[in-house]
Amino acid sequence: MNRIRTTGAALAGLATIAMLTGCSATAGGGSSIDLVSAVDASAQTAIETLAPTLGDPVVPEGAKLCYVTGTLSNEFWGFEQAGFKAEAEALGIDFKIFDVTDESSITEQLDKAKNALNQGCTALLASPISATGLDSVFTEAISKGVPVIILNDARGTVPGVVYIGPDAHAIGLSAADYIASKLPEGGEVAMIEGDPGSSNAVNRGVGFKDGLTAYSNLKLVASQTAMWDQTKAQEIATAMLTANPNIKAFYSQNDGMALGVQAAIEAKGLTGKVLLVGTDGIPQAKKQILSGGFTATVSERPTTEGKTGVDAALWLLAGKKLPGWIDVPAVLIDSTNVAEYPTGMP
């Protein structure tokens, strides 16, 4: 099974994409847009469906985009910001990127988000480490007419904010479905979790567990956080394999931790015998699929998300209505289709 399972929560595209009248960006940050009205919080539309209805984005005079990302030492966020940067440069819009030290730098990210808002940004983009950690900044930005776009992580609830990314719950479901397809006789499985304060980690984990309920012959015997850390993941996976020698498959909530799990599997002499499914689709994961170290990865599309974030900010500044969720579905990659993704990330 090489296809992401579609959830019932997915909604049809927007029925009407309308222009708001009298809306314009103002130099130094903010606009006359009523962002809460411009963003339909209940709507979810796939980017491939939405983009053709909105036309090419137009850069207003004096516009400046600020992107508050995660740590660029994580290859995934490097691709996210690369997509943002490439589109901003292609359109000739002023921009600034604010990154943080590591995956747990919640306070640092909040400080940088406040700093970004104070630098005259006409739109604020962010990939929050914590699901609610930047809500105070988002609320202030929206009140000032500054569009807020969340890229990939921590889909929030602040009215007027647009989320661009996949369904993290569906990613977990997909991993469970895939493992079940490879283990028709069932068996014991384990999960390596990310930071419990991360929306992505929580939703991927719930999705995986929900997915397993459809397969009575699969038993989750171990699940523990490695805080997105490769070394911790290796240590935890080693302990899991020692305590549960019959584990047949691991699901890792990101590919960085999966590399640690791979090392643990290899040290036990179980490469090719224990399935390993990661998440994100970073280039190293695809290399490991080709070499047999990974079985599969549920690949997200950070370059597309970053590009779309720029476009969405400009669409809002132009007075166009957007859904609260611009869906950029993930893709399951294994040996059957890895050759279709030879470089980078989609």
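**Met 227 and another odd backbone angle**

I started with Met 227, which is partly exposed, with a relative accessible area of 33%. For my own notes: buried means under 20% relative accessible area, exposed over 50%, and partly exposed in between, with a 1.4 Å probe and protein chains only. I looked at Met 227 since it has a positive phi of about 55° although it is not a glycine. Met 227 sits in the loop between strand S8 (218-225) and helix H8 (230-243). Helices (H or I, at least four residues) and strands (E, at least two) are DSSP runs, numbered from the N terminus.

I should say that this is a predicted model, where local features need pLDDT of at least 70 and side-chain atom pairs count only at pLDDT 80 or more, while totals for chains, interfaces and linings use all residues. Residues are numbered from 1 along each chain as its sequence is written, and side-chain values use heavy atoms, with hydrogens and water left out.

Next I looked up Asp 280. Asp 280 also isn't a glycine, yet its phi is positive, about 120°. I found Asp 280 in strand S10 (residues 275-280). Is Asp 280 buried or exposed? Asp 280 is buried, at a relative accessible area of 6%.

**The whole chain**

I zoomed out and got 11 helices and 13 strands for the protein chain. The radius of gyration is 20 Å, close to the 20 Å that the globule rule gives for 346 residues, so the chain is as compact as a globular protein of that length. That radius is taken over C-alpha atoms, and the globule rule is 2.2 Å times the number of residues to the power 0.38. Along its principal axes, the C-alpha trace spans about 65 × 40 × 35 Å. Of the 346 residues, 55% are buried.

I also checked contacts, meaning heavy atoms within 4.5 Å. Among contacts between residues at least 6 apart in sequence, 77% join residues at least 24 apart.

**The seven-strand sheet**

A reminder to myself: strands of a sheet pair through backbone hydrogen bonds, either parallel or antiparallel. Here two strands pair if DSSP finds at least two bridges between them.

I traced an open sheet of seven strands in the order S1-S12-S6-S5-S4-S2-S3, with parallel pairing. Its edge strands are S1 (39-46) and S3 (94-98), and each of them pairs on one side only. Neighbouring strands of this sheet are turned by 20° against each other on average, direction ignored. For such angles, axes are lines fitted to C-alpha atoms, for helices over the stretch in contact, and angles run from 0 to 180 degrees between N-to-C directions.

I picked one pair inside the sheet: S4 (residues 123-126) and S5 (residues 148-151) run parallel and are joined by three bridges. Leu 124 has Val 148 in S5 as its bridge partner.

Then I looked at the helices. H4 (residues 106-117) lies across S2 (64-68), S3 and S4, at about 175° to S2. H5 (residues 135-143) lies across S4, S5 and S6 (161-165), at about 145° to S5.

**The six-strand sheet**

I found another open sheet, with six strands in the order S8-S7-S9-S10-S11-S13 and mixed pairing. S8 and S13 (331-334) stand at the edges with a single partner strand each, so one side of each has no neighbour in the sheet. The twist averages 20° from one strand to the next.

S7 (residues 187-193) and S8 pair in the parallel sense over seven bridges, and Met 191 has Ser 223 in S8 as its bridge partner. H8 lies across S7, S8 and S9 (247-252), running at about 160° to S7.

**Cores**

A nonpolar core is a set of buried Ala, Val, Leu, Ile, Met, Phe, Trp, Tyr and Cys residues joined through side-chain atoms within 4.5 Å. Which residues have the most contacts inside the largest core? They are Phe 138, Ile 149, Ile 192 and Phe 250, in a core of 83 residues. Helix H11 (residues 302-317) gives the most to this core, with seven residues.

I followed Phe 138 further: leaving aside neighbours within four places in sequence, its contacts include Leu 124, Val 148 and Val 161.

**The disulfide**

I counted one disulfide, taken as a pair of cysteine sulfur atoms within 2.5 Å. Cys 66 and Cys 121 form it, with their sulfur atoms 1.9 Å apart. The link is left-handed, with -65° about the S-S bond. Cys 66 is in strand S2 and Cys 121 in the loop between H4 and S4, 55 residues apart. Cys 66 is buried at 0% relative accessible area, and Cys 121 is buried at 1%.
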